[in-house]
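The following report describes a model through its strands, its ligand shells and a few individual residues. Please read it alongside the sequence and the coordinates.

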Amino acid sequence: MKERRFAFVIEQCPDLSVRWNTNTLRPIAPLPPLGVLTLAAVLEREGWSVAVFDNSISKYPKERLLAAITAFQPGVVGLSMTSLNAPGSLELAASLSETGVPLLAGGPHASVRPREVARAIGITTAVAGEADLVIAALAEAVVRGQPVPEMSGIYTADSGEGVTAPSGELDDLPDPARHLVPIESYGRTVRDVTDGAVDSLATSRGCPFQCTFCSNPGAWGSEYRRHRTRSAASVADEMEHLVGRYGSEGFFFREDNMTVSRAHVLALCDEFERRGFRYPWKCEAHVATVDEQVLERMVGVGLRSVWLGIESGSDRMLRRMRKGFSAGRAKELLLFAKSLGLHTASGFLLGLPGETENDIAASVRLAEQTEIDDVWFQVYIGYPGSALYEEIRAHQLVEAQWHTILIPRTEIASFADSSKREGQLREHFRQLARVRCA
Ligand code: B12
Ligand code: SF4
């Protein structure tokens, strides 16, 4: 039997995913991979030695990454795949296969394409969906050289059903094993919350919405539409742990859709108040799920900054995206948030099929009129698993980049030449962001 040593590997993404903050023209900062760190905590609880190689932080070239992984002498390696890092992860898998170590794959891309991934060179098994309830049994079987357990969501080259792994109760999961990553190397500076260290955590998983550009509905299966929440006590305990162990001075809640349930948000607020928390925090909110009253309550217990996923200032595009709210309502809420003294942030997608210059102008106008503090414009990329991906592929409106993602034809030239990419994108966004860039 091989050693019970598990190495998680997260390959870096090519930099074509950039989305720019038009105030600072800086790309998005990586945050600790909470999903992988939760799997790591599950395995540690079962007595495994675990290492996490997050190459979006270390940025090792392939040979050095391979050397670091093999030096750990893992009995099993698990690759965490998004659609953007999938090509790099598959290349790594082919190289690692020469060492004879069993290779598992999971993550959003493996969840959309489990069979294809399970058939890739070197990969033994892929998991579709959340792996928290299957990872221990799977790793145990693989390290012992036994057949993989017959559990939903587990795919080999020729077995596996068309379903995702079961989702458990979130309160039963251990806190993410943050001690396995260099937490200081991640984006802990979130000045709109505090000048001190800010750490991220999640209070829920899942989202009942079905935005056409989002890969979540296709990746996580029907379970995903059920918004599952942690108890307020468990969230507050994790915050206290973060303060005690890492000196957190503020928090950033990052998850699919924290505000789906009003009862959940209010329970969190009540718990923060009950424990006398004075921590400043930030979260993302869906325009259709928060109202003025809830926002006011959140501000009363430390909310300093809110990200509203607006995506477009054009009602026509919002309908096409199935966002579930109007540009007028988004504007109203943003202005209200500002009147409460909140720092506001929002993202807009550009280049969706069917979008016209007028639609783009409407997005820029909305950002201007509401004086959003942080505006992120992002060129649309089609991720498999999203409804739009299938639609645009069928109509051949875009060209495929590798085999994983779709990029609007107009952007291909900018993306193709990496030496020019950054400058071109900066210029592109600088023009769009005449709102804020001097
Ligand atoms: C928080 C978040 C971020 C954070 C932190 C990401 C991180 N380090 O975890 C930040 C802000 C950095 C970020 C950035 C980006 N993100 Co993001 N992000 C999310 C979000 C909202 C939550 C992630 C999360 O915690 N999920 C919950 C946990 C439980 O899921 P998980 O991490 O995937 O892990 C579970 C399973 O996947 C599986 N699993 C994962 N790894 C492995 C490995 C093995 C071996 C096994 C067996 C199982 C397994 O088990 C885990 C536990 O249940 C997701 C949405 C989502 N639902 O996943 C998008 C999401 C992952 N992001 C996405 C995108 C596109 C991006 C960006 C490209 C955006 C951009 N344009 O800049 C960048 C890319 C950054 C990068 N280098 O990868 C897409 C990925 C789409 C795709 N198909 O690949 C998602 C799915 C959102 C979406 N629907 O579009 N993101
Ligand atoms: S984009 Fe956000 S609101 Fe829309 S389906 Fe995806 S997670 Fe839900």
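## Backbone, sheets and ligand shells

Arg322 is partly exposed because 14 other C-beta atoms lie within 10 Å, where a residue counts as buried with 20 or more other C-beta atoms within 10 Å of its own, as exposed with 12 or fewer, and as partly exposed in between, the C-beta atoms being placed from the backbone. Arg322 lies in the loop between helix H12 (315–321) and helix H13 (327–339), and although Arg322 is not a glycine, its phi is positive at about 55 degrees.

This is a predicted model, in which local features need pLDDT of at least 70 and side-chain atom pairs count only at pLDDT 80 or more, while totals for chains, interfaces and linings use all residues. Residues are numbered from 1 along each chain as its sequence is written, and chains are lettered from A and ligands numbered from 1 in the order in which they are written.

Glu371 is another residue with a positive phi, about 50 degrees, although it is not a glycine. The table sets out the burial of these residues together with that of Pro217.

| Residue | Location | Other C-beta atoms within 10 Å |
|---|---|---|
| Arg322 | loop between H12 (315–321) and H13 (327–339) | 14, partly exposed |
| Glu371 | loop between helix H14 (357–370) and strand S15 (374–379) | 13, partly exposed |
| Pro217 | helix H8 (residues 216–220) | 19, partly exposed |

Pro217 touches Gln210 and Tyr224, not counting residues up to four places away in sequence, a contact being a pair of residues whose C-beta atoms, placed from the backbone, lie within 7 Å. Pro217 and Val112 are 105 residues apart in sequence, and their C-alpha atoms are 9.6 Å apart in space.

For the protein as a whole, 46% of the 438 residues count as buried. Among contacts with a separation of 6 or more, 75% are accounted for by residues 24 or more positions apart. The protein has 17 helices and 17 strands, these being DSSP runs numbered from the N terminus, with helices (H or I) of at least four residues and strands (E) of at least two.

A run of parallel pairings can be followed from strand S11 onward. Strand S11 (residues 250–253) and strand S12 (residues 281–285) pair in the parallel sense over three bridges, pairing being assigned if DSSP finds at least two bridges between two strands. Within this pair, Phe251 stands opposite Trp281 in S12. S11, helix H10 (residues 262–274) and S12 make a right-handed β-α-β unit, meaning that, with the strands pointing away from the viewer, the path from the first strand over the helix to the second runs clockwise. Because four of the five residues of S12 are buried, this strand is largely enclosed by the rest of the structure.

S12 also pairs in the parallel sense with strand S13 (residues 303–311), over five bridges, and Trp281 stands opposite Leu303 in S13. The chain crosses from S12 to S13 through helix H11 (residues 292–300), and this β-α-β crossover is right-handed. S13 and S14 run parallel and are joined by six bridges, with Val306 opposite Thr344 in S14. Six of the eight residues of strand S14 (residues 343–350) are buried, so S14 is largely enclosed by the rest of the structure. Six bridges likewise join S14 to S15 in parallel, Leu349 stands opposite Gln378 in S15, and the β-α-β crossover from S14 through H14 to S15 is right-handed.

A separate description applies to an open sheet of six strands, which has mixed pairing and the order S3-S1-S4-S5-S6-S7. Its edge strands, each pairing on one side only, are strand S3 (49–54) and strand S7 (154–155). S4 and S5 pair in the parallel sense over four bridges, and Gly78 stands opposite Leu104 in S5.

Which residues come nearest to ligand 1? Of the 41 residues around ligand 1, these are Gly35, Gly78, Ser80, Gly106 and Glu130, a residue being near a molecule if its C-beta atom, placed from the backbone, lies within 6 Å of it. The largest share of this shell, five residues, comes from H1, and at least three residues come from each of domain 1 (5–155) and domain 2 (188–435), the bounds being taken from an automatic or database domain assignment.

Ligand 2 is surrounded by residues including Cys207, Gln210, Asp256 and His286.

Definitions and conventions. Two residues are in contact if their C-beta atoms, placed from the backbone, lie within 7 Å.
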